[in-house]
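I set out to record what I looked up in this structure, entry by entry. I begin with a single residue and work outward to the chain as a whole.

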Amino acid sequence: AHPGAVCDLCAQIRNGGELMPRLSTDALTWFECFTARKRNLWFFSLFFLFPLVGNLISRLTKARYWLPDFDALICGAHNVSRGISPYSLHPVCDGIRPTPYVYAPQVGHFFAPLEQAFGLEGARWAFALVYAPAILWLFWYAILKPMDKAPWHFRLMTLAAMVGSVLSCGNIGLLLHALTILAALQMSKSRLPFIAIVICGALIKPVFVTYLVVLLLEDRPLIARLRTFLLSATAGVGTLLALFLTAGRFSDEWHWALNAVVILEQPGIGFFATTSALGLNTASAVTLIGLGLFITGMGLASLVLAEWGGLDANERIIFGLGAAQFLNPRLMDYDMFTLAPCMAMVVMMAKPLGQKTFTWVSWAFAGTLIFCVVCNILEIRAIHRAPVAVFAYGLILLAVAGLTAWPQRARIRGWFRNPLPVLQDILAQRI
């Protein structure tokens with residue numbers, strides 16, 4: 001952050017000059033100084049971990065059930081393999097407690113051998129053996145992985161918006177996220193594993209196709225990025241279309257389940273959560289038009305930050321993994337791990353815009369997450385932390401992107417007035 005300023009403030013604390021750094025400084029400097037003392041570091045960590053850890057402790061002490069989302073998958077596989085419809089709002093399988101099955105029938109057929117080999121309870125244990133390392137990997141990536149432009153203070157704060165059910169639900173999306181991140185970090189060697197995992201993941205969770213936006217945000221000539229993205233997106237959409245067309249005799253019931261659970265009952269914490277809060281039907285024309293505009297705006301904002309935010313090749317990939325979540329209209333709590341380093345980078349990209357701007361942006365980010373912790377401590381159930389945080393994240397990203405693009409306005413106007421030189425540069429791979 002500001003090494004000199006941090007050292008001066010911390011020296012004042014150690015010498016008794018001030019008990020706390022002044023709030024007029026930016027949030028990163030303030031928290032770096034505040035956590036210079038070991039006891040304050042513990043307080044800082046426990047404060048922002050409180051909602052997540054507190055919820056987990058509550059679940060453990062009250063003996064609440066774990067892995068219900070995986071139960072839905074394996075119960076659905078059990079029923080599909082026996083020719084029984086897996087789609088019910090109140091599914092029942094012996095010995096487990098599944099939530100409603102909302103995956104394609106083909107997904108049930110794919111996982112049926114797992115259930116047939118181990119049984120329902122055995123399949124749970126087999127899943128737990130890969131689920132636990134995946135969770136640890138996600139936490140390491142989100143909080144502990146060394147990243148120069150994503151301070152761990154900001155990344156740790158993002159956990160304040162998560163709930164304990166993120167870990168206890170056993171949703172297979174967490175395993176897919178872990179595999180996607182692992183493949184993305186190896187993209188400098190080959191993009192094929194990343195593309196394959198994203199498309200395969202989309203067969204289980206179609207919104208995973210938004211991860212392909214990472215290919216547009218890479219540090220490569222634009223024409224090469226567009227080519228890779230369009231080919232991958234075509235393959236992804238084609239695969240999803242084939243999934244819908246080959247769903248078989250349970251196709252209508254699957255579509256009913258998608259509408260009843262995914263669209264109406266559980267709109268998530270992203271764009272659909274906002275439209276639902278405004279009283280708009282998720283499938284209405286107004287909502288879908290708004291979604292198109294929203295995705296376009298967030299996509300362009302992400303491209304602006306990738307191009308002009310001062311990120312290196314690896315940082316652009318990490319930023320892209322988080323930016324992809326903003327394009328997911330049905331973002332869920334278990335999709336938030338990649339947002340931690342992404343939002344830390346977005347806040348830090350405000351730093352070159354001036355100290356005043358950085359101060360405002362950093363406190364808007366930190367203040368939102370402090371508010372989330374306070375709401376959890378006071379048990380204000382009317383305020384749901386994750387949607388509030390995601391909404392604030394989106395506004396911060398748009399604001400930083402707008403302020404980053406503002407100094408380039410003359411250049412951008414020139415592109416619109418005479419696009420030919422820009423097109424020539426793109427085709428010649430100079431951009």
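**Entry 1: Ser 302.** I listed the contacts of Ser 302, leaving out residues up to four places away in sequence, and found Leu 217, Phe 319, Ala 323 and Leu 397. The model is a predicted one. I placed Ser 302 in helix α13. Is Ser 302 buried or exposed? Its relative accessibility is 4%, so I entered Ser 302 as buried, the cut-off being under 20%.

**Entry 2: helix α13.** I then followed the helix itself. Helix α13 runs over residues 285-308, which makes 24 residues. From first C-alpha to last, I noted a reach of 35 Å for α13, close to the 34 Å expected at 1.5 Å a residue. Which residues of α13 are buried? I wrote down Thr 287, Leu 291, Met 298, Ala 301, Ser 302, Val 304, Leu 305 and Ala 306. I also looked up what covers these buried residues; the cover includes α12 (271-277), α14 (313-326), α15 (339-348) and α17 (385-405). After α13 comes Gly 310, for which I recorded a positive phi, near 75 degrees.

**Entry 3: positive phi outside glycine.** I noted Glu 379, a residue other than glycine with a positive phi, near 55 degrees. I located Glu 379 in the loop between α16 (355-377) and α17. The relative accessible area of Glu 379 is 55%, and exposed means over 50%, so I entered this residue as exposed. I noted Gln 429 as well, where phi is near 60 degrees, again positive in a residue other than glycine. Gln 429 belongs to the segment after α19 (420-427). With a relative accessible area of 44%, Gln 429 is partly exposed.

**Entry 4: Gly 83.** I turned to the loop between α4 (68-81) and α5 (105-144), where Gly 83 lies. I found Gly 83 to be partly exposed, at a relative accessible area of 35%. Which residues does Gly 83 touch, not counting residues up to four places away in sequence? I recorded Arg 249 and Phe 250. For Gly 83 and Phe 250, the separation is 167 residues in sequence and 9.7 Å in space, taken from C-alpha to C-alpha.

**Entry 5: the chain as a whole.** I counted the secondary structure last: the chain has 19 helices and 0 strands. For 431 residues, a compact globule would have a radius of gyration near 22 Å, and I noted that the 23 Å of the chain agrees with this. Along the principal axes, the C-alpha trace spans about 70 × 60 × 45 Å. I recorded 51% of the 431 residues as buried. Of the contacts with a separation of 6 or more, 71% join residues 24 or more positions apart.

**Entry 6: surface and charge.** I looked up the accessible surface of the chain, which comes to about 20,200 Å². Carbon and sulfur atoms hold 68% of that surface. How many positive and negative side chains does the chain have? I entered 32 positive and 22 negative, and the centres of the two sets lie 6 Å apart.

Note on methods:
Residues numbered from 1 in each chain as written. Predicted model: local features only at pLDDT ≥ 70, side-chain atom pairs only at ≥ 80, totals over all residues. Heavy atoms only, no water. Helix = DSSP H or I, 4+ residues; strand = E, 2+ residues; numbered from the N terminus. Rg over C-alpha atoms; globule rule 2.2 N^0.38 Å. Buried < 20%, exposed > 50% of the residue type's maximum accessible area, 1.4 Å probe, protein only. Contact = heavy atoms within 4.5 Å. Areas by Shrake-Rupley, 256 points an atom, 1.4 Å probe, with all protein chains shown as cover. Lys, Arg positive; Asp, Glu negative; His and termini not counted. Charge placed at Lys NZ, Arg CZ, Asp CG, Glu CD. Expected span 1.5 Å × (residues − 1).
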